[in-house]
Amino acid sequence: MGILIINYKSYKEAVDDGLSIAEAAKEVSKELNVKIILSPPFTMLKDIARVSPSIAQGMDLEEPGAHTGHVSWYEIKKSGAVGVLLNHSENRIASKDGKIDYEKLSSLIHLCLDHDLDSYVCVENIEEAEKVVLFNPTAIAYEPPELIGGNISVSTARPSVVKDFCSTVKKASNSLALIGAGIKSGEDVRKSLSLGADGVLVASGIIKAKDFSAAIRELSLPLK
Ligand code: G3P
(Lines give C-alpha, C1' and ligand atoms only; values in the text may rest on other atoms or scores of the structure.)
Protein backbone atom coordinates (compact mmCIF):
# COMPACT_ATOMS: atom_id res chain seq x y z
CA MET A 1 0.00 0.00 0.00
CA GLY A 2 1.38 3.41 -0.98
CA ILE A 3 1.13 6.65 0.97
CA LEU A 4 -0.49 9.92 -0.02
CA ILE A 5 0.47 12.98 2.00
CA ILE A 6 -1.74 16.01 1.51
CA ASN A 7 0.13 19.18 2.45
CA TYR A 8 -2.38 21.95 3.20
CA LYS A 9 0.46 24.54 3.28
CA SER A 10 -1.26 27.81 4.22
CA TYR A 11 -3.62 27.90 1.26
CA LYS A 12 -6.80 29.85 1.93
CA GLU A 13 -8.82 27.00 0.43
CA ALA A 14 -7.20 24.58 2.88
CA VAL A 15 -8.08 26.79 5.84
CA ASP A 16 -11.66 27.29 4.63
CA ASP A 17 -12.35 23.68 3.58
CA GLY A 18 -9.80 21.86 5.73
CA LEU A 19 -12.30 19.73 7.60
CA SER A 20 -14.15 18.69 4.44
CA ILE A 21 -10.82 17.78 2.84
CA ALA A 22 -10.04 15.65 5.89
CA GLU A 23 -13.47 13.96 5.73
CA ALA A 24 -12.98 13.23 2.03
CA ALA A 25 -9.51 11.81 2.71
CA LYS A 26 -10.92 9.61 5.46
CA GLU A 27 -13.61 8.26 3.17
CA VAL A 28 -11.24 7.52 0.27
CA SER A 29 -8.67 5.98 2.59
CA LYS A 30 -11.28 3.62 4.00
CA GLU A 31 -12.79 2.75 0.63
CA LEU A 32 -9.50 2.10 -1.18
CA ASN A 33 -7.43 0.99 1.80
CA VAL A 34 -4.77 3.62 1.09
CA LYS A 35 -2.76 5.41 3.76
CA ILE A 36 -3.56 9.13 3.55
CA ILE A 37 -1.81 11.55 5.90
CA LEU A 38 -2.70 15.21 6.18
CA SER A 39 -0.42 18.10 7.04
CA PRO A 40 -2.62 21.05 8.04
CA PRO A 41 -1.48 24.39 9.48
CA PHE A 42 -0.71 24.32 13.24
CA THR A 43 -3.93 26.18 14.08
CA MET A 44 -6.00 23.37 12.54
CA LEU A 45 -3.95 20.39 13.63
CA LYS A 46 -6.08 19.33 16.57
CA ASP A 47 -9.36 19.44 14.63
CA ILE A 48 -7.98 17.75 11.55
CA ALA A 49 -6.14 15.05 13.51
CA ARG A 50 -9.49 13.98 15.00
CA VAL A 51 -10.69 13.10 11.51
CA SER A 52 -7.63 11.70 9.70
CA PRO A 53 -4.02 10.86 10.58
CA SER A 54 -2.11 14.14 10.53
CA ILE A 55 1.41 15.49 10.81
CA ALA A 56 2.51 18.97 11.86
CA GLN A 57 4.13 21.26 9.28
CA GLY A 58 7.23 21.66 11.45
CA MET A 59 8.56 21.50 14.99
CA ASP A 60 11.00 23.43 17.17
CA LEU A 61 13.66 21.94 19.44
CA GLU A 62 12.49 23.83 22.53
CA GLU A 63 11.02 21.77 25.34
CA PRO A 64 7.68 22.93 26.75
CA GLY A 65 8.30 26.09 28.79
CA ALA A 66 8.94 29.80 28.33
CA HIS A 67 9.35 29.82 24.54
CA THR A 68 6.88 32.20 22.94
CA GLY A 69 6.08 31.39 19.33
CA HIS A 70 7.79 28.00 19.27
CA VAL A 71 6.00 24.71 18.70
CA SER A 72 7.26 21.93 20.93
CA TRP A 73 6.96 18.18 20.48
CA TYR A 74 4.57 18.22 23.44
CA GLU A 75 2.01 20.46 21.71
CA ILE A 76 2.21 18.34 18.60
CA LYS A 77 1.77 15.16 20.56
CA LYS A 78 -1.16 16.64 22.53
CA SER A 79 -2.85 17.76 19.31
CA GLY A 80 -3.23 14.11 18.32
CA ALA A 81 -0.83 14.34 15.38
CA VAL A 82 1.14 11.22 14.50
CA GLY A 83 4.27 12.98 13.28
CA VAL A 84 6.00 15.98 11.77
CA LEU A 85 6.97 17.21 8.31
CA LEU A 86 10.51 18.56 8.58
CA ASN A 87 12.72 20.64 6.31
CA HIS A 88 10.12 21.33 3.62
CA SER A 89 11.69 23.65 1.05
CA GLU A 90 9.29 26.38 2.19
CA ASN A 91 10.45 25.93 5.79
CA ARG A 92 14.07 24.76 5.59
CA ILE A 93 16.14 23.84 8.61
CA ALA A 94 19.11 25.62 7.16
CA SER A 95 21.74 28.18 7.93
CA LYS A 96 21.96 31.53 6.11
CA ASP A 97 23.87 30.03 3.17
CA GLY A 98 20.85 27.79 2.46
CA LYS A 99 22.63 24.58 3.48
CA ILE A 100 20.76 22.19 5.78
CA ASP A 101 21.72 22.44 9.45
CA TYR A 102 22.25 18.69 9.82
CA GLU A 103 22.92 18.85 13.53
CA LYS A 104 19.59 20.54 14.20
CA LEU A 105 17.75 18.27 11.78
CA SER A 106 19.21 15.18 13.41
CA SER A 107 18.19 16.50 16.87
CA LEU A 108 14.65 17.06 15.62
CA ILE A 109 14.45 13.54 14.20
CA HIS A 110 15.70 12.16 17.51
CA LEU A 111 13.15 14.21 19.39
CA CYS A 112 10.47 12.64 17.21
CA LEU A 113 11.83 9.17 17.96
CA ASP A 114 11.96 9.88 21.70
CA HIS A 115 8.31 10.91 21.71
CA ASP A 116 6.95 8.37 19.29
CA LEU A 117 6.29 10.82 16.46
CA ASP A 118 6.95 9.90 12.82
CA SER A 119 9.42 12.11 10.97
CA TYR A 120 8.91 12.98 7.29
CA VAL A 121 11.97 14.84 6.07
CA CYS A 122 12.09 16.73 2.76
CA VAL A 123 15.25 17.09 0.69
CA GLU A 124 15.93 19.02 -2.49
CA ASN A 125 18.50 16.70 -4.07
CA ILE A 126 20.31 13.36 -3.75
CA GLU A 127 23.31 14.84 -1.90
CA GLU A 128 20.96 15.94 0.88
CA ALA A 129 19.21 12.54 0.83
CA GLU A 130 22.55 10.76 1.27
CA LYS A 131 23.14 12.66 4.51
CA VAL A 132 19.58 12.47 5.83
CA VAL A 133 19.34 8.66 5.41
CA LEU A 134 21.99 8.37 8.14
CA PHE A 135 19.44 9.76 10.63
CA ASN A 136 16.90 7.06 9.73
CA PRO A 137 13.72 9.16 9.68
CA THR A 138 10.36 7.52 8.96
CA ALA A 139 10.43 8.84 5.40
CA ILE A 140 12.53 11.04 3.14
CA ALA A 141 10.76 13.06 0.47
CA TYR A 142 12.48 14.39 -2.64
CA GLU A 143 10.89 17.66 -3.74
CA PRO A 144 12.76 19.81 -6.28
CA PRO A 145 11.68 23.36 -5.33
CA GLU A 146 11.48 24.61 -8.92
CA LEU A 147 8.69 22.11 -9.69
CA ILE A 148 6.60 22.75 -6.58
CA GLY A 149 3.21 24.24 -7.39
CA GLY A 150 3.66 23.67 -11.15
CA ASN A 151 1.92 21.39 -13.63
CA ILE A 152 4.84 19.16 -14.55
CA SER A 153 5.34 16.42 -12.01
CA VAL A 154 8.69 15.47 -10.53
CA SER A 155 8.17 11.95 -11.91
CA THR A 156 7.83 13.33 -15.45
CA ALA A 157 10.53 15.99 -15.25
CA ARG A 158 13.22 14.10 -13.29
CA PRO A 159 12.65 10.33 -13.75
CA SER A 160 16.30 9.35 -13.43
CA VAL A 161 16.87 11.50 -10.33
CA VAL A 162 13.74 9.98 -8.75
CA LYS A 163 15.01 6.49 -9.50
CA ASP A 164 18.45 7.26 -8.01
CA PHE A 165 16.86 8.95 -5.01
CA CYS A 166 14.63 5.94 -4.25
CA SER A 167 17.46 3.44 -4.52
CA THR A 168 19.76 5.66 -2.42
CA VAL A 169 17.18 5.77 0.37
CA LYS A 170 16.32 2.07 0.21
CA LYS A 171 19.92 0.85 0.05
CA ALA A 172 20.99 2.82 3.09
CA SER A 173 18.01 2.84 5.46
CA ASN A 174 14.57 1.60 6.42
CA SER A 175 13.13 5.01 5.59
CA LEU A 176 10.34 5.25 3.04
CA ALA A 177 11.17 7.07 -0.20
CA LEU A 178 8.52 9.64 -1.11
CA ILE A 179 8.45 12.24 -3.84
CA GLY A 180 6.50 15.43 -4.41
CA ALA A 181 6.15 18.52 -6.64
CA GLY A 182 3.72 19.09 -9.47
CA ILE A 183 1.84 15.83 -8.96
CA LYS A 184 -1.62 16.37 -10.36
CA SER A 185 -2.90 13.12 -11.90
CA GLY A 186 -3.23 9.41 -11.29
CA GLU A 187 -0.71 8.92 -14.10
CA ASP A 188 1.85 11.07 -12.22
CA VAL A 189 1.38 8.82 -9.19
CA ARG A 190 1.63 5.62 -11.25
CA LYS A 191 4.90 6.85 -12.75
CA SER A 192 6.23 7.73 -9.28
CA LEU A 193 5.58 4.20 -8.02
CA SER A 194 7.13 2.64 -11.11
CA LEU A 195 10.32 4.62 -10.41
CA GLY A 196 10.51 3.14 -6.90
CA ALA A 197 8.65 5.65 -4.72
CA ASP A 198 6.61 4.42 -1.74
CA GLY A 199 4.22 7.32 -2.06
CA VAL A 200 3.73 10.97 -2.95
CA LEU A 201 3.23 14.40 -1.40
CA VAL A 202 0.64 16.64 -3.00
CA ALA A 203 -0.54 20.16 -2.27
CA SER A 204 -1.97 22.27 -5.11
CA GLY A 205 -3.26 19.24 -7.08
CA ILE A 206 -5.77 18.64 -4.28
CA ILE A 207 -6.14 21.90 -2.38
CA LYS A 208 -6.64 23.95 -5.57
CA ALA A 209 -8.74 21.32 -7.37
CA LYS A 210 -12.34 22.20 -8.32
CA ASP A 211 -13.45 18.92 -6.76
CA PHE A 212 -10.95 17.95 -4.04
CA SER A 213 -12.79 14.74 -3.30
CA ALA A 214 -12.40 13.55 -6.90
CA ALA A 215 -8.74 14.63 -6.90
CA ILE A 216 -8.01 12.66 -3.71
CA ARG A 217 -9.68 9.62 -5.25
CA GLU A 218 -7.80 9.87 -8.56
CA LEU A 219 -4.43 10.27 -6.81
CA SER A 220 -5.16 7.44 -4.36
CA LEU A 221 -6.31 4.79 -6.84
CA PRO A 222 -2.78 3.85 -8.02
CA LEU A 223 -1.69 3.55 -4.37
CA LYS A 224 -4.10 0.70 -3.61
O1 G3P B 1 4.80 19.05 0.16
C2 G3P B 1 4.22 18.91 -1.10
C3 G3P B 1 4.38 20.12 -1.92
O4 G3P B 1 5.52 20.87 -1.73
C5 G3P B 1 4.14 19.85 -3.38
O6 G3P B 1 3.39 20.94 -3.80
O7 G3P B 1 1.68 22.05 -5.11
O8 G3P B 1 3.56 20.88 -6.24
O9 G3P B 1 1.80 19.55 -5.10
P10 G3P B 1 2.56 20.83 -5.13
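1. Let us start with Y142, which sits in strand β6; strands here are DSSP runs of E with at least two residues, helices are runs of H or I with at least four residues, and both are numbered from the N terminus. Y142 counts as buried because its relative accessibility is 3%, where buried means under 20% relative accessible area, exposed over 50%, and partly exposed in between, with a 1.4 Å probe and protein chains only. Leaving aside neighbours within four places in sequence, Y142 is in contact (heavy atoms within 4.5 Å) with V123, E124, N125, V154, R158, V161, V162, F165, L178, I179 and G180. One of these partners, V154, is twelve residues away in sequence and 8.8 Å away in space, C-alpha to C-alpha.

2. A word on what you are looking at. This is a predicted model, in which local features need pLDDT of at least 70 and side-chain atom pairs count only at pLDDT 80 or more, while totals for chains, interfaces and linings use all residues. Residues are numbered from 1 along each chain as its sequence is written, and side-chain values use heavy atoms, with hydrogens and water left out.

3. Next, please turn to helix α7, residues 159-172. Its 14 residues reach 20 Å from the first C-alpha to the last, close to the 20 Å expected at 1.5 Å a residue; the expected span is 1.5 Å times one less than the number of residues. Which residues of α7 are buried? They are V162, F165, C166, T168 and V169. These residues lie on the same side of α7 because they cover an arc of only 160 degrees around the axis, the arc being that of the directions from the helix axis to the C-beta atoms. On the other side of α7 you will find S160, K163 and K171 exposed.

4. What do the buried residues of α7 pack against? Their partners are β5 (118-123), α5 (126-132), β6 (139-142), α6 (154-157) and β7 (176-180). Two of the buried residues of α7, V162 and F165, are also among the contacts of Y142.

5. Helix α8 (residues 186-194) can be read in a similar way. The buried residues of α8 are G186, D188, V189 and S192. They share one side of α8, because their arc around the axis is only 160 degrees. The elements that they pack against are α6, β7, β8 (199-202) and α10. Just after α8, G196 takes a positive phi of about 115 degrees.

6. S192 deserves its own look. This residue counts as buried because its relative accessibility is 0%. Apart from neighbours within four places in sequence, S192 is in contact with S155, I179, I183, A197 and V200.

7. Another serine, S220, lies in helix α10 (residues 212-220). S220 is buried, with a relative accessible area of 0%. Beyond its neighbours within four places in sequence, S220 touches L4, V28, L32, V34 and I36.

8. Now for the ligand. The residues around the ligand, meaning those with a heavy atom within 4 Å of it, are N7, K9, H88, E143, I148, G149, A181, G182, L201, V202, A203 and S204. Polar contacts are pairs of N or O atoms within 3.5 Å; within protein, one must be able to donate a hydrogen and the other to accept it, and residues adjacent in sequence count only if both atoms are side-chain atoms. An N or O atom in the side chain of E143 is 2.5 Å from an oxygen atom of the ligand. From the backbone, an N or O atom of G149 lies 2.7 Å from a ligand oxygen, and one of A203 lies 2.9 Å from a ligand oxygen. Taken alone the ligand exposes 310 Å², and the protein buries 100% of that, with areas from the Shrake-Rupley method and a 1.4 Å probe; for residues, only the protein chains shown count as cover.

9. Two of the residues around the ligand, K9 and A181, have backbone angles worth checking. K9 has a positive phi of about 50 degrees although it is not a glycine. The loop between β1 (3-7) and α1 (12-32) holds K9, which is buried at a relative accessible area of 11%. A181 is not a glycine either, and has a positive phi of about 120 degrees. A181 lies in the loop between β7 and α8 and is buried, with a relative accessible area of 6%.
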